[in-house]
Structures are given as C-alpha cells and as structure tokens.
Amino acid sequence: MQNSHSISRIAILISGSGSNLQAIIDHQKLHSDLYEIALVISNKADAYGLVRAQKANIPTMVIEHTHYNDRESFDAKLQQALEEAKIDFIVLAGFMRILTKGFTQHFLGKMINIHPSLLPKYTGLHTHQRALDSSDKEHGLSIHFVTPELDNGPVILQAVVKIDPNETETSLREKVHQQEHIAYPIVIEWFALGRLSFKDNQAWLDQKRLIQPQVLSKTII
Ligand code: GRF
C-alpha cells in the first residue's frame, strides 16, 4: 500500500467529536510535506468530526453501519472506500465499531488505534471509570497496531496520567484526552517518516523491536 514516491495518504476513521482528528489536522498543517489526510470516514452522519474535517477541506465520507446487514458487508464497503482513495495508513480515532477479522488481516500493520487505558489493562469500554473503581493510582492511553483481537495489538506508545484523590470520571477523561492529542500525532509522524513498522506481529521503531511500548514523557521525539 505504501507509496514511496509521494507523501503518505492517511485516512482517519471516526464516530464522534473528533478531538483527536483535530489534533492530527493541526499537526498535519505544520508538516504538510510528511503526510496528507486524504479521507475522513465516519459511521455516523452526525459526528462532529465531519465538520472539523470539512472546515479543513478534507474529503469526508459517511458509511452508516445501520445501512448494512452485517459486519462483513459494512467492512467490505469500508475497504472499498479506502482502496479507492489509495490510502497508505489508517488511523482509528474514536471509531466505535468492532472490525471483522478479515478487515484487520487485510490492513495488518497499516492500521493503528488509540485506546484510553494503559493496555493490557481495561480493554473495551468505560476505561476511566474502571480505573477509578479499581483505585488505580495511574491511568492513561495506548496507541497500538490493530490486530484481529480487540484492543490487543502491539502497543507503540503510551502516556501515563496520575489519578488524584478527588478524581472524577470526567476529569480523568479530560486529562487522558489532553495526552491523546499530543501522543497520536507523534506516532503518525513516526509512520510518515518511515520510522514505524510492523513485523512478526510486533511493533518496530527505527528498526528496533519495541519490547516495551514507548512512554510519552520519556520519548525523545
Ligand atoms: C478517545 O478517548 C479515544 O481514546 C477513544 O475514543 C475517544 C475519541 O475521542 N478511542 P475524540 O472523538 O477524538 O474526541
């Protein structure tokens, strides 16, 4: 999929507000020689992220999952759209659909997701509340390659936030979101620079296998 003769064409898949999308749009404006946001796809017509993309003159597409009988036919349509747009790399940014095994295999090593927890802790939903319920001292986010098993692909980068004694779900979500907006563009830049790859079911950075994920505060950008 990667086209070495031109800048990377990235697709961003969303379902909602798209604040991560916005952070990537802002980053791309500063690094337009590195990659292009060639397409934003939402499975929901009312996702505010679509407005953000349109304001930035990025092509958008709505593929409503409710119009498809099963996951396979929805994913087939998604795959067709991505291939027609000649996408090199897929960024899931709050895309709230479980993808089929076939789809994830097809794009293996070319699709990343951001998950609001320190994986392998708290796959799935309600991660902030679950961290609070467990009296964790720390929470955070993980950016990982997407593999067929939900939220279980090799982790590339994590960011850690401290949980304060009077923390609420809302305040914790906000803290994590702030770090997401810093972390996601970093990983996309690594990909666009050819520093990030996927091999032997592992994430690699600068030709070195990531035995442990990178951690944002310790990352030398
Ligand atoms: C983020 O918290 C992300 O970790 C999760 O979905 C949320 C999307 O937020 N996967 P936004 O739409 O980017 O604001």
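Let's start with how H1 passes H2: the crossing is right-handed, meaning that the near helix is turned clockwise from the far one by less than a right angle. Before I go on, a word on the source: this is a predicted model, where local features need pLDDT of at least 70, side-chain atom pairs count only at pLDDT 80 or more, and totals for chains, interfaces and linings use all residues. Residues are numbered from 1 along each chain as its sequence is written, and side-chain values use heavy atoms, with hydrogens and water left out.

Helices here are DSSP runs of H or I with at least four residues, strands are E runs of at least two, and both are numbered from the N terminus. The axes of H1 and H2, the latter being residues 48–55, come within 9 Å and cross at roughly 15°. Those axes are lines fitted to C-alpha atoms, for helices over the stretch in contact, with angles from 0 to 180 degrees between N-to-C directions. H1 and H2 are therefore roughly parallel, the word for angles under 35 degrees.

Who touches whom? On the H1 side we have Ser19, Leu21, Gln22 and Ile25, and they meet Gly49, Arg52 and Ala53 of H2, contact meaning heavy atoms within 4.5 Å. By class, that contact has three nonpolar residues, three polar and one charged. Ala, Val, Leu, Ile, Met, Phe, Trp, Tyr, Cys and Pro count as nonpolar, Asp, Glu, Lys and Arg as charged, and the others, Gly among them, as polar.

Now the other partner, H6. The axes of H1 (residues 19–30) and H6 (residues 169–192) come within 9 Å and cross at roughly 50°. That makes H1 oblique to H6, oblique being whatever is left once under 35, over 145 and 65 to 115 degrees are taken out. This crossing is right-handed. From H1, the contact uses Ser19, Asn20, Ala23, Ile24 and His27; from H6, the residues include His177, Glu180 and Tyr184.

So to the ligand, and you'll recognise some names: the residues around the ligand include Ser19, Asn20, Ile114, His177 and Glu180, each with a heavy atom within 4 Å. Which atoms pair up with it? A polar side-chain atom of serine 19 lies 2.5 Å from a ligand oxygen atom, and a backbone N or O atom of asparagine 20 lies 2.9 Å from a ligand oxygen atom. For isoleucine 114, a backbone N or O atom lies 2.9 Å from a ligand nitrogen atom.

Last, one for the geometry fans: leucine 119 and proline 120 are joined by a cis peptide bond, with omega about 15°.

Definitions and conventions
A polar contact is a pair of N or O atoms within 3.5 Å; within protein, one must be able to donate a hydrogen and the other to accept it, and residues adjacent in sequence count only if both atoms are side-chain atoms.
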